[in-house]
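User: I should like a close look at a single part of this structure, followed by an account of its surroundings. Please keep the answer connected and formal.

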Amino acid sequence: MKARVQVMLKTGVLDPQGEAIRHALGALGFDGVEGVRQGKVIEIDLAETDPEAAEAQLSEMCEKLLANTVIESYKIDLS
Amino acid sequence: MKAAVIVFPGSNCDRDMAVALRAAGADVEMVWHKDAGLPRGVDLVAVPGGFSFGDYLRCGAIAAQSPVCRAVIDHVHKGGYALGVCNGFQVLTETGLLPGALMRNAGIRFVCKTVPLTVATAESDFTRGYAKGEALQIPVAHHDGNYFVDAATHERLRAEDRIAFTYGDNPNGSTGDIAGVLSENRRVLGMMPHPERAIDAGHGGTDGRGLFDGLVGALVSA
């Protein structure tokens, strides 16, 4: 099955890249952009067919490698 | 005194690190990242600067999962010494051997210049060659050197006197101007500035020598 993992900086952790994008949008004339946060999306193809087992595997992947949980949170979507 | 310098694909300060350690009197061996073990009798492991694995995913994240890093973690758990500089600092935080994480510089830009540092504690084998409060000039060269720790961890680091160096003029947005941090047992140091680039007057300064001389001296007499 296919999974999509979204990794974002935790709320409260300042995101310098998001801030730079916000400034650039302002410079392009897009007014009213109050906040931008940048993250990553990781698409994973799994041999596993059981959603529960896949979810467990993916959580472990996130904790061990895909996210740095000191500063990042993650969200797993299975399809 | 025996030191190992870890070499990852993309390391580029490994030889500078070896030169600095040898100049201080260490017997240095280079260790490739795929090696599962460290040479026998190693006192210090140095994780050098560079761009291990192209900084893919996050700086240091892939390197932290390499076989040799498992050996480094064992070495530290047995009371061994480890020094991480720049990318090496990022690797050590990713392994969990040091607290916090290194994020993109607050000003977004890569910062490459010599910066003023203050020695925040002399109470470690890494900083015993300096006096507390001593001012140093050491180069930095990084894009992701913005050290982040939460308020509770920052307070703990201060209370336990584990902040080794602070920036005089914070170049990257690091929490509390922290440039280098010690582990709980004070045998692991991670720092973004490059002391190994400041050991030769012909290369702009010798303020980094105190770290290597103090450290190698302590480990020789241990």
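User: Which are the buried residues of helix H1 (residues 14-23) of chain B?

Analyst: The model is a predicted one. In helix H1 (residues 14-23) of chain B, the buried residues are Asp14(B), Asp16(B), Met17(B), Ala18(B), Ala20(B) and Leu21(B). As background, an α-helix has 3.6 residues a turn, so residues three or four places apart point the same way. Two spacings of this kind can be read from the list: Asp14(B) with Met17(B), and Met17(B) with Leu21(B).

The cover over these buried residues comes from several elements of chain B. Among the contributors are four strands, namely S1 (2-7), S2 (27-32), S3 (44-47) and S4 (81-85), together with helix H5 (209-221). Beyond the end of H1(B) comes Gly25(B), which has a positive phi near 110°.

Of the covering strands, S4(B) merits a description of its own. Five of its five residues are buried, and the strand is thus described as mostly covered. In a regular strand the side chains alternate between the two faces of the sheet. In S4(B), one side carries Tyr81(B), Leu83(B) and Val85(B), while the other carries Ala82(B) and Gly84(B); both faces are covered.

S4(B) also has strand partners. With S3(B), another strand that covers H1(B), S4(B) pairs in the parallel sense over four bridges. Within this pairing, Ala82(B) of S4(B) has Val45(B) opposite. The connection from S3(B) to S4(B) passes through helix H2 (residues 67-77) of chain B, and this β-α-β crossover is right-handed. S4(B) pairs as well with strand S11 (residues 188-191) of chain B, again in the parallel sense and over four bridges. There, Leu83(B) stands opposite Leu189(B) of S11(B).

The wider setting includes chain A, which touches chain B: eight residues of chain A are in contact with 12 residues of chain B. On the chain A side, the greatest contribution is made by helix H1 (residues 16-27) of chain A, with three residues. That side comprises six nonpolar and two polar residues, and no charged ones.

Chain A itself is built from two helices and three strands, arranged from the N terminus as β-α-β-α-β. Its radius of gyration is 16 Å, well over the 12 Å that the globule rule gives for 79 residues, so chain A is more spread out than a compact globule. The C-alpha trace of chain A spans about 45 × 25 × 15 Å along its principal axes, and 14% of the 79 residues count as buried. Of the contacts in chain A with a separation of 6 or more, 65% are between residues 24 or more positions apart.

The three strands of chain A form an open sheet in the order S2-S1-S3, with antiparallel pairing. Strand S2 (40-45) and strand S3 (72-78) of chain A are its edge strands, each pairing on one side only. On average, neighbouring strands of this sheet are turned by 20° against each other, direction ignored. Strand S1 (residues 2-9) of chain A is joined to S3(A) by seven bridges in the antiparallel sense, and Ala3(A) has Leu78(A) as its bridge partner in S3(A). Across S1, S2 and S3 of chain A lies helix H2 (residues 51-66) of chain A, which runs at about 155° to S3(A).

Technical notes:
Residues are numbered from 1 along each chain as its sequence is written. Chains are lettered from A and ligands numbered from 1 in the order in which they are written. This is a predicted model: local features need pLDDT of at least 70, side-chain atom pairs count only at pLDDT 80 or more; totals for chains, interfaces and linings use all residues. The radius of gyration is taken over C-alpha atoms; the globule rule is 2.2 Å times the number of residues to the power 0.38. A residue is buried if 20 or more other C-beta atoms lie within 10 Å of its own, exposed if 12 or fewer, and partly exposed in between; C-beta atoms are placed from the backbone. Two residues are in contact if their C-beta atoms, placed from the backbone, lie within 7 Å. Ala, Val, Leu, Ile, Met, Phe, Trp, Tyr, Cys and Pro count as nonpolar, Asp, Glu, Lys and Arg as charged, and the others, Gly among them, as polar. Two strands pair if DSSP finds at least two bridges between them. Axes are lines fitted to C-alpha atoms, for helices over the stretch in contact, and angles run from 0 to 180 degrees between N-to-C directions. A crossover is right-handed if, with the strands pointing away from the viewer, the path from the first strand over the helix to the second runs clockwise.
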